[in-house]
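Work through these exercises with the structure open beside you. Try each task before you read its solution.

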Amino acid sequence: MVRFAEEHELDRVNELRKQVNDLHVAGKPEIFKPGFSKELADHIHTVWNDPEQEIVVNERSGVICGFAILHHIRKPENPFMREREYLDVDEFCVDETYRRTGAATELITFIRDVAKERGFDRIELNMWEFNQEALAFYEAVGFTTYRRYLEMKL
Ligand SMILES: CC(C)(COP(=O)(O)OP(=O)(O)OC[C@H]1O[C@@H](n2cnc3c(N)ncnc32)[C@H](O)[C@@H]1OP(=O)(O)O)[C@@H](O)C(=O)NCCC(=O)NCCS
């Protein structure tokens with residue numbers, strides 16, 4: 001069942017956040033710091049206390065098997081761009097033992113429904129290019145790439 005998280009579940013959410021961090025460290029060690037610092041762990045409480053952010057969890061038989069952080073973004077108009085408002089999926093993970101069982105698809109279905117009910121016309125997320133498994137998932141559920149970051153290693 002996908003629903004919004006309860007505060008006592010944040011430690012479990014952090015176990016999943018550590019899985020994402022470890023993946024990022026392995027894939028982009030020149031950018032991500034290894035380990036899971038207290039600051040990184042405590043960040044979940046900042047998210048919890050921010051009215052513009054929400055934590056969604058997927059619970060199966062009493063176990064939190066996946067989570068997402070939703071961030072309501074408002075970008076004011078500027079000389080180049082129109083005003084924009086959307087729901088950003090800031091962090092996203094399914095526990096490795098639950099992968100390929102549809103848990104992430106259930107999370108995205110819930111997030112889409114919430115976004116539509118609230119009148120948003122799009123959800124957005126960003127990801128690291130090395131993470132081709134995540135890209136395969138996001139494309140499987142209907143996301144398309146609309147912008148890219150490029151680098152040249154020197
Ligand atoms: C990416 C991730 C969220 C997918 O979660 P999941 O619960 O396994 O995804 P689902 O079971 O809902 O998969 C739905 C479809 O997406 C595609 N898909 C999912 N994982 C895939 C993979 N590793 N390789 C290729 N396609 C994949 C498939 O089409 C799959 O359907 P199928 O299993 O019937 O073939 C999960 O692998 C994960 O948490 N990874 C580590 C953290 C991460 O990368 N987070 C996102 C970036 S921050």
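**Exercise 1. Find which element gives the largest share of the shell around the ligand.**

Solution. The model is predicted, so every answer here describes a prediction.
- Step 1: List the elements that supply at least two shell residues each. They are helix 1 (10-27), strand 4 (84-94), helix 3 (103-117) and helix 4 (132-140).
- Step 2: Pick the top supplier. Helix 4 gives the largest share, with 5 residues.
- Step 3: Set this against the whole shell. In total, 19 residues surround the ligand.
- Step 4: Name the closest ones. These are Arg99, Ala104, Thr105, Glu133 and Ala136.

**Exercise 2. Sort the shell around the ligand by residue class: how many are nonpolar, polar and charged?**

Solution.
- Step 1: Count the nonpolar residues of the shell. There are 12.
- Step 2: Count the rest by class. The shell has 4 polar and 3 charged residues.

**Exercise 3. Write down the pattern of helices and strands along the protein chain.**

Solution.
- Step 1: Count the elements. The protein chain has 4 helices and 5 strands.
- Step 2: Read along the sequence. The pattern is β-α-α-β-β-β-α-β-α.

**Exercise 4. Work out the order of the strands in the sheet, and say which strands lie at the edges.**

Solution.
- Step 1: Recall the rule. Strands of a sheet pair through backbone hydrogen bonds, either parallel or antiparallel.
- Step 2: Give the order. The 5 strands form an open sheet in the order 1-2-3-4-5, and the pairing is mixed.
- Step 3: Find the edges. Strand 1 (2-4) and strand 5 (123-124) each pair on one side only.
- Step 4: Look at what covers the sheet. Helix 3 packs on it and touches strand 1, strand 2, strand 3, strand 4 and strand 5. The direction of helix 3 makes about 35° with that of strand 3.

**Exercise 5. Take each pair of neighbouring strands in the order 1-2-3-4-5. Is the pairing parallel or antiparallel, and which residues stand opposite each other?**

Solution.
- Step 1: Strand 1 and strand 2 run antiparallel, joined by 3 bridges. Here valine 2 faces asparagine 58 of strand 2.
- Step 2: Strand 2 (residues 53-60) and strand 3 (residues 63-75) are antiparallel too, over 8 bridges. Isoleucine 55 has isoleucine 69 of strand 3 as its bridge partner. Arginine 60 stands opposite valine 63.
- Step 3: Inspect the turn of this pair. Strand 2 and strand 3 form a hairpin with 2 residues between them. In the turn, serine 61 has a positive phi of about 50°.
- Step 4: Strand 3 and strand 4 run antiparallel, with 10 bridges. Leucine 70 is the bridge partner of valine 89 in strand 4.
- Step 5: Strand 4 and strand 5 pair in the parallel sense over 2 bridges. Aspartate 88 stands opposite glutamate 124 in strand 5.

**Exercise 6. What radius of gyration would a compact globule of 154 residues have, and what does the protein chain have?**

Solution.
- Step 1: Take the expected value. For 154 residues, a compact globule would be near 15 Å.
- Step 2: Compare. The protein chain has 16 Å, which agrees.
- Step 3: Add the box. The C-alpha atoms fill roughly 50 × 45 × 30 Å along the principal axes.
- Step 4: Check burial. Of the 154 residues, 19% count as buried.

Note on methods. Residues are numbered from 1 along each chain as its sequence is written. This is a predicted model: local features need pLDDT of at least 70, side-chain atom pairs count only at pLDDT 80 or more; totals for chains, interfaces and linings use all residues. A residue is near a molecule or strand if its C-beta atom, placed from the backbone, lies within 6 Å of it. Ala, Val, Leu, Ile, Met, Phe, Trp, Tyr, Cys and Pro count as nonpolar, Asp, Glu, Lys and Arg as charged, and the others, Gly among them, as polar. Two strands pair if DSSP finds at least two bridges between them. The radius of gyration is taken over C-alpha atoms; the globule rule is 2.2 Å times the number of residues to the power 0.38. A residue is buried if 20 or more other C-beta atoms lie within 10 Å of its own, exposed if 12 or fewer, and partly exposed in between; C-beta atoms are placed from the backbone. Two residues are in contact if their C-beta atoms, placed from the backbone, lie within 7 Å. Axes are lines fitted to C-alpha atoms, for helices over the stretch in contact, and angles run from 0 to 180 degrees between N-to-C directions.
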